[in-house]
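Got your viewer open? Here's a short tour, stop by stop, with something to select at each one.

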Amino acid sequence: MHDIPDIADRRGALCVIGAGASGLAAIKNLREHGFAVDCYERETSVGGAWNWRHDRSPVYASTHLISSRPLTEFPDFPMPDTWPDYPHHSQVLTYLERYARHFGLGEHIWFGTEVVSTVPVGDGRWDVTTRSTGGGASRVQRYAGVVVANGHNWAPARPEIPGAFRGEVMHAAAYKDPAQLRGRKVLIIGGGNTGCDLAVEAAQQAGTVWHSTRRGYWYTPKFLFGRPADQVNARLLRWRLPLRLRQWLYRRTLRLTTGDLTRYGLPPPDHRPFESHPVVNSQLAYYLGHGRITPVPDVLSFDGGAVELTDGRRIEPDLVITATGYRPTFDFLAPELIDTDADGRPDLHLHAFARKHPTLAVAGLLQADAGLFPLVHWQTVAIARWLRLRTTDPVRAAAVQQKEAARPARSWSRRRVVPTRRHWFEVDHVRYLRAVESLLREMEAA
Amino acid sequence: MNPEVLRFDDWTSPVPPVQREVLSRLPEGGGEQPPVLFVPGLGHGAWAFEAHWLGHTAERGFPAYALTPRERGDLRAHVHDVIQVAAGLPRQTVLVGHGTGALVVAYALGRYPARAAVLSAPVLDGWAAFAAALLANPFGTLPALVGGRLRVSRRQLFSAALPAAEADAHRARVVARPRRELITHGRPPKPVGDPPTLVIGTPDDRVVPRTSLDRTAVRYGGAPLLFPGMGHDLMLDAGWAEPIEAILDWLTKELSGTAA
């Protein structure tokens, strides 16, 4: 049983884990910088979270982007300009499939193959153990570096609600189709983007809808002044307006458009605008105003057929959907490799580079106020340049590393964010991109 | 030169979509070669490549496409059009730009990792081209300064070897309204993905002076491939077969070199 399998040395090749959007960008950009790449993907096709055929995909029938097309597409492979401002998830999948085909990425991906462990063996090299998802023997290969792109929206984080519930409880990840809601009495727990989308969906389909949120959020409409709201916001960022002024403008704009949501019974936000990932939803206020959604506070406990709320009310839904987010999960990595703390939060430079292992990086572990693809593109370009520089000019690489170690975290992460798991990886896309840009400049081929 | 990371122009006011004219000739039975996208210069359209080069490229096994960039579009819109079409093709695309189309391609290369690129009689140095045009055809050029139409003479585009009737038929289709930015634009960005790039031209070009051609070639890491005796419009002039043969030979060599 304990015979050690032969280790196949892949020499200068790099290993990419996952073939979702982040993994695909990693393969493309690493190859563009001259690396051989082996990518392992447990599913049998590309697209990761955006591929609704995948078991672990969180998308449901009506999922649309919440950031507009120009702020969502890969900078070097634009989406067709005839697509809508906020494309549907099936279009995003088509886009990723076309990206993979266009750059010939498929031939570097091993589908149906799971990474079991990734172990450093010294000198910056890694032994990666893989196994076919269909079972069978495992295989160990040695790589010059590992880029982890396994996504962070697939392992549901379920709230612990005391008591037993007679009705049905599901995590938002299991919600796929409006038929699951039709005519039922539904309680949606969670005030994030998914929670609000589901509350709206339930308002259109279900009999009765309660929406439980713990705190007040800022709800940005999808369109402002006839344009996608993120494009309007980008204009303010371009002018480098100070945060306080942007917050003031944001409040004014919301007051003039959406108006005051507390009169429907929503709690007022407990933080300033731009201090948390925005909730982008135009329809929540609309359905609140139609009485189709009843806002309720946090859930205290289950009690047979009823749900007890923190304000003492009891409601009797027959379906509870917990839109309480996902937990970043790296089963194949020892927690200390990415400096994971007791809560399970990894600590990475730029949310990407492992601090003690220069040849280990994580791509796409970000929550931004814009689409992820552009960020992950420049992240993986930076990873590729960094790994290239390490091999071609170790002296300069060491200098870059030293300089980066001195880059304060507040220069690229949010200064003040709401301290919950949902906001761990939150970045301001412009600040973050400026930081990555300056890193790219440092590594510019001399 | 750094890649353009912060793209506020695109984030705040994306280029509006238009219906684009794309002509194509596809090789029989598909094949493995990457698509080649031809981008015409000022006043020309996809028709300029349809005449000879498109068919010839397809015969050599490459899916061949030619784009007419939008009318009245600025440089940014034309670059957008080229990248939209290139990214819409199934494989990583080879970009071939002619004249000011080469300028558009040079800019597109800063954003789209082309499989390879060819700059043919490139007008990357607007001042030199403007001076050459003034010298060769002052009365046709001056109106363009005040927003009028740029008129080109037969000798500016073609050699004497092309029958006059044919040359005039082509010339009649050229409707050129140059924009100031063809002269005032900055330095084109560094290409992303480091594509192999070929610069071709002719020493007898009355649009692109030899010095400016050499300068462009040096920027893209080599010497220009020259076709003496031909006029500026390499794809329409009498000897059109020679440059396209050379381009495709070079391309075949580059593609096989990196595939190993």
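Start in chain A and select residues 185–212: strand E10(A), helix H3 (residues 193–205) and strand E11(A) form a right-handed β-α-β unit. Right-handed here means that, with the strands pointing away from you, the path from the first strand over the helix to the second runs clockwise. Helices (H or I, at least four residues) and strands (E, at least two) are DSSP runs, numbered from the N terminus.

A word on the ground rules: this is a predicted model, where local features need pLDDT of at least 70 and side-chain atom pairs count only at pLDDT 80 or more, while totals for chains, interfaces and linings use all residues. Residues are numbered from 1 along each chain as its sequence is written, and chains are lettered from A and ligands numbered from 1 in the order in which they are written.

Next, keep E11(A), residues 208–212, and look at its neighbours. E10(A), residues 185–189, runs parallel to E11(A) over 5 bridges; pairing takes at least two DSSP bridges between the strands. To find the register, pick A:Lys185, whose bridge partner in E11(A) is A:Thr208. Now add strand E16 (residues 294–296) of chain A, which also pairs with E11(A) in the parallel sense, over 3 bridges. Here A:His211 has A:Pro295 as its bridge partner.

How many of the 5 residues of E11(A) are buried? The count is 4, so this strand is mostly covered, where buried means 20 or more other C-beta atoms within 10 Å of a residue's own, exposed means 12 or fewer, partly exposed lies in between, and C-beta atoms are placed from the backbone.

Now switch to chain B and zoom out. You'll find 12 helices and 7 strands there, and a C-alpha trace spanning about 50 × 45 × 35 Å along its principal axes. Of its 260 residues, 46% count as buried.

Zoom back in on helix H11 of chain B, residues 210–219, and select its buried residues: B:Ser212, B:Leu213, B:Thr216 and B:Ala217. They sit on the same side of H11(B), because they cover an arc of only 140° around the axis, taken from the directions from the helix axis to the C-beta atoms. Flip to the other side and B:Thr211 and B:Val218 are exposed.

What covers the buried residues? Show strand E5 (116–120), helix H6 (126–136) and strand E6 (197–201) of chain B, which are among the covering elements; contacts are C-beta atoms, placed from the backbone, within 7 Å.

Last stop: B:Gly221, which follows H11(B) and has a positive phi, near 80°.

Note on methods. Contact = placed C-beta atoms within 7 Å.
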